[in-house]
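Me: I would like a close look at a single part of this model: the enclosed space inside it. Please take it together with the elements around it, and give the cut-offs as you go.

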Amino acid sequence: MKRSPATAVRSTGAPPFASPQRFRVLLAISGFAIVVIAVASVSIGAVTIGLGDIWGSVAQHLGMAGTHTSTPVNDQIVWQVRVPRTILAIVVGAGLAIAGVVIQVVVRNPLGDPYLIGIVPGASLGAVIVIVFGAGVLGGVSLSAAAFIGGLLAFALVFVLARRGGQWPPTRLVLAGVAVGYLVSSFTFFFQTIATPNQSQRVLFWSLGSIAGASWASLLLPAVVTAAATTWLMWNSARLNALASGTDLGYSLGIDVARFQLTLMVVVSVLTGVIVAEVGGIGFVGLVIPHIARLLVGADHRRVVVTATLLGACFLPLSDIAARVLRAPAELPIGVVTSAIGAPFFLYLLVSSGRTARAR
């Protein structure tokens, strides 16, 4: 009998939030956590500002009547720096998380993330060229534009090399992505060797990622692209289930697998390129968050996409708070924090999966 894509999900036991009732509880908890973390992010910063000034400024800009108003300097810090920074962290966390979900489905590899398909190495090369040689060498484009172009060009090369028989087999995608990533990184490392100390510091900070440059203007494009990509993936989550179970099953369910693969890769490349161009190479979000989502809700991507989006929106602003606090008043690149949290967690997953395999 012909199965629907919605039922084409591998059995993974009984995750703690697999039932509809518990899944709704998870959504409520995640939504509440995002609000709490956002409030903390706006309230914490290198400059000490009273809570009355902070939320008086926010209320004033939101058109809410209030008796407490903020000073012009504090208002500038709160509304032009902290609020867009917090929102950008939420958007970037959500975007990188769902990018990781999609890449892991397409390559059918638990190590799938934006680094694996060449986007981040390509973006790093574009950024390094502008930092070391100046914008004039690329026709006057900005650093963000150069990073975006570099990421898409590197992915296009992976896309061409991995194609076989009108499809993109997962193994070829992984091998092509790794090869292109190392090739592009070799140029990046070479340019770093001829950079000045100040340029090398900028390259290092960019490659590890930072939300510090957030503004209302820089927030618009990542927010629109992330919202559009998330909505489209939620709409197509049943087809993601089929693709995750294998291309043969996808074809048996009437899905044009090659076209769907192509669409997924275009969506994730544009999404990741926009994000990385704005905030740099933030690692481990797209790698770890999808695994946590599947541990909580199972393999059904109708739930995984939503859960990963919410978890990413919690994780990155929380990491950004840590990046601001750990060496205050100096600030760590946010990638240092995400790697410090993500790597031990991934090792834990590795050890626990090994124990589960032995128990079976």
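Reply: By class, the lining of the largest cavity has nine nonpolar, four polar and one charged residues (Ala, Val, Leu, Ile, Met, Phe, Trp, Tyr, Cys and Pro are nonpolar, Asp, Glu, Lys and Arg charged, and the others, Gly among them, polar). The model is predicted: local features need pLDDT of at least 70 and side-chain atom pairs pLDDT 80 or more, while totals for chains, interfaces and linings use all residues. Residues are numbered from 1 along each chain as its sequence is written, and side-chain values use heavy atoms, without hydrogens or water.

The lining of the largest cavity is made up of 14 residues. Leu96, Pro114, Tyr115, Ile282 and Gly283 are the ones nearest the centre of that cavity. Its volume is about 60 Å³. A search of the whole structure gives two cavities of 30 Å³ or more (a cavity is a set of points on a 1 Å grid where a 1.4 Å probe fits but cannot get out, and lining residues have an atom within 4 Å of a point; the volume is that of probe spheres set on the points).

Helix 12 provides the largest share of the lining of the largest cavity, namely three residues. This helix covers residues 285-297, 13 in number, and reaches 18 Å from its first C-alpha to its last, close to the 18 Å expected (helices are DSSP runs of H or I, at least four residues, numbered from the N terminus; the expected span is 1.5 Å times one less than the number of residues). Of the 13 residues in helix 12, 10 are buried (buried is under 20% relative accessible area, exposed over 50%, partly exposed in between, with a 1.4 Å probe and protein chains only). Among the buried residues of helix 12 are Val285, Leu287, Ile289, Pro290, His291 and Leu296.

Both flanks of helix 12 hold a residue with positive phi. After the helix comes glycine 298, with phi near 95°. In the loop between helix 11 and helix 12 sits phenylalanine 284, whose phi is near 75°, positive although the residue is not glycine. Most residues other than glycine have a negative phi. Phenylalanine 284 has a relative accessible area of 23%, so it is partly exposed. Glycine 280, just after helix 11, also takes a positive phi, of about 90°.

Helix 11 (257-279) supplies at least two residues to the lining of the second largest cavity, as does helix 3 (72-107). Helix 3 gives the most to that lining, with four residues. About 50 Å³ of space lies in the second largest cavity. The residues around it are Val102, Ile103, Val106, Val107, Ile117, Phe155, Leu173, Met265 and Val268. By class these are nine nonpolar, with no polar and no charged residues. As for the geometry of helix 11, its end C-alpha atoms are 32 Å apart, which agrees with the 33 Å that its 23 residues should span at 1.5 Å a residue.

The aromatic contacts come next. Five aromatic pairs are found in the whole structure (rings of Phe, Tyr and Trp, by its six-membered ring, pair with centres within 6.5 Å; planes under 30 degrees apart are stacked, over 60 edge-to-face, the rest tilted). The rings of phenylalanine 190 and phenylalanine 191 lie 5.7 Å apart between centres with planes at 55°, so that pair is tilted. Tryptophan 232 and phenylalanine 260 form another tilted pair, 6.2 Å centre to centre and 40° between the planes. This pair links distant parts of the chain, 28 residues apart: tryptophan 232 belongs to helix 8 (residues 216-235) and phenylalanine 260 to helix 11. Phenylalanine 260 is buried, at 2% relative accessible area, whereas tryptophan 232 is partly exposed, at 25%. Phenylalanine 191 is buried too, at 16%. Ring pairs join Phe133, Phe190 and Phe191 into a cluster.

Helix 5 (residues 143-162) holds leucine 143, and alanine 156 also lies in this helix. Leucine 143 is buried, at 19% relative accessible area, while alanine 156 is partly exposed, at 33%. The C-alpha atoms of alanine 156 and glycine 118, 38 residues apart along the chain, are separated by 8.9 Å.

Conventions. On a 1 Å grid over the protein atoms alone, a cavity is a set of points where a 1.4 Å probe fits but cannot get out, and a pocket is an open set with protein on both sides within 12 Å along at least five of seven lines; lining residues have an atom within 4 Å of a point.
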